[in-house]
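This briefing is meant for a reader meeting the structure for the first time. Please look over the sequence and the 3D view, and then read the notes, which are grouped by topic.

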Amino acid sequence: MLNLEAVLSAMPGAAPVPGLASAWRWSPNPMFTFTAALSTEGRHNLQVNIRGRYDEGLVTALLAHARAHDGTFVGKGRPLVAVGGFQHDGTPFDTVGVAAAEVHGYHATENPELSAVTYAVFPAYASEISGRENEEEAWGRFRKMLQPNKLDRTEVPFVKMRYHNTRTRSMSKGDARGFAPLDTLVRELGLLDGAPGSFVEWENRHGAVRRADSTGTGLTLTHDATQEPVNPGQLEAVARTSVE
């Protein structure tokens, strides 16, 4: 069995993390800072990788929160998890994100055995993770959208959408909803007015689906089997509040 304490403490330049037991910090180069802590049962590695500005207090708090709740994700087979209830002075993050080995790829090349027992821990917002993401979706969110290695990143709400605009000829591919930035959703909703036959359909992290349609007489919004007329300004407000 892998001796995690021996492996992590032997990382080049590794030093204990003040105020957090069984945790070490090291920098492979001036750009990156890695911090790792053993899970409660000591058989898994909880690791925060930061690029650029490093905040020891915030990173320590992230790992402490993840460890205190690691029973909710260690060995549960979920590729991406949100651990809520996080608070730390001076930061807007309200959630700790956790990605499994098949998503993060940490240590995959140099130490596959370590990689297999490592969970990536990162600062997150409640709006960003549903907990229902499959492996492909989790990989895309973690690798391409969330920027989990930055402490100064902005919020990236969970938005899955599909759309078709008859006036701009812009449309999504296929019938399935795909991940998109909130700005894309807002933009496409703003283009519905005056484009009869167009629609925008979107889903939030709770799985709630809304659809806006452009008709010959105006705009309608459908949610929970209820359809009502709306104006363009209302649509943007609905979009932003629906993904909180």
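Contact, as the word is used for packing here, means heavy atoms within 4.5 Å. The model is a predicted one, and the notes go through two open sheets, the helices that pack on them and a few individual residues.

**The six-stranded sheet**

- Six strands make up an open sheet in the order β9-β8-β10-β11-β12-β13, and the pairing in this sheet is antiparallel.
- The edges of this sheet are β9 and β13 (226-230), each of which pairs on one side only.
- β8 and β9 run antiparallel and are joined by two bridges, and K160 has F179 in β9 as its bridge partner.
- β10 and β11 pair in the antiparallel sense over five bridges, with E203 standing opposite V209 in β11.
- These two strands, β10 and β11, form a hairpin with five residues between them, and in the turn G207 has a positive phi of about 90 degrees.
- β11 also pairs with β12 (residues 219-223), again in the antiparallel sense and over five bridges, and here the bridge partner of D213 is T220 in β12.
- The hairpin of β11 and β12 has four residues between the strands, and G218 in its turn has a positive phi of about 155 degrees.

**Helix α6 and its surroundings**

- In helix α6, which spans residues 182-190, the buried residues are L182, T184, L185, V186, E188 and L189.
- The cover over these buried residues of α6 includes the strands β8 (160-164), β10 (199-203) and β11 (209-214), together with helix α7 (232-242).
- α6 lies across β8, β10 and β11, and its direction makes about 155 degrees with that of β10.
- α6 and α7 pack with their axes 9 Å apart and at an angle of about 160 degrees; because angles over 145 degrees count as roughly antiparallel, α6 is roughly antiparallel to α7.
- The crossing of α6 and α7 is right-handed, and the residues that meet there are L182, L185, V186 and L189 from α6 and L235, E236, A239 and R240 from α7.
- Residues three or four places apart in an α-helix point the same way, because the helix has 3.6 residues a turn.

**The seven-stranded sheet**

- A second open sheet has seven strands in the order β1-β2-β3-β4-β7-β6-β5, and its pairing is mixed.
- Its edge strands are β1 (15-16) and β5, each pairing on one side only.
- Helix α2 (residues 56-68) packs on this sheet and touches β2 (23-29), β3 (32-38), β4 (45-51), β5, β6 and β7, while its direction makes about 155 degrees with that of β4.
- Within the sheet, β6 and β7 run antiparallel and are joined by five bridges, and V96 stands opposite P123 in β7.

**Helix α5**

- Helix α5 covers residues 135-145, and its buried residues are A138, G140, R141, F142 and M145.
- These buried residues of α5 pack against β5 (80-84), β6 (95-99), α3 (101-104), β7 (118-124) and β9 (178-179).
- At the N-terminal end of α5, N134 acts as a cap, with a side-chain oxygen that lies 3.1 Å from the backbone nitrogen of E136.

**Residues to look at one by one**

- Is K160 in strand β8 buried or exposed? Its relative accessibility is 12%, and because values under 20% count as buried, K160 is buried.
- The side chain of K160 makes a polar contact of 2.7 Å with that of E137, and, not counting residues up to four places away in sequence, K160 touches E137, R177, G178, F179, E201, W202 and E203.
- Most residues other than glycine have a negative phi, whereas Q147, which is not a glycine, has a positive phi near 50 degrees.
- Q147 follows just after α5, in the loop between α5 and β8, and with 40% relative accessibility Q147 counts as partly exposed.
- D224, another residue other than glycine, has a positive phi near 55 degrees; D224 lies in the loop between β12 and β13 and, at 63% relative accessibility, counts as exposed.

Methods
Residues numbered from 1 in each chain as written. Predicted model: local features only at pLDDT ≥ 70, side-chain atom pairs only at ≥ 80, totals over all residues. Heavy atoms only, no water. Buried < 20%, exposed > 50% of the residue type's maximum accessible area, 1.4 Å probe, protein only. Polar contact = N/O pair within 3.5 Å; in protein donor to acceptor, adjacent residues only side chain to side chain. Pairing = 2+ DSSP bridges. Axes fitted to C-alpha atoms, helices over the stretch in contact; angles between N-to-C directions. Parallel < 35°, antiparallel > 145°, perpendicular 65-115°, else oblique. Left-handed = near helix turned anticlockwise from the far one by under 90°.
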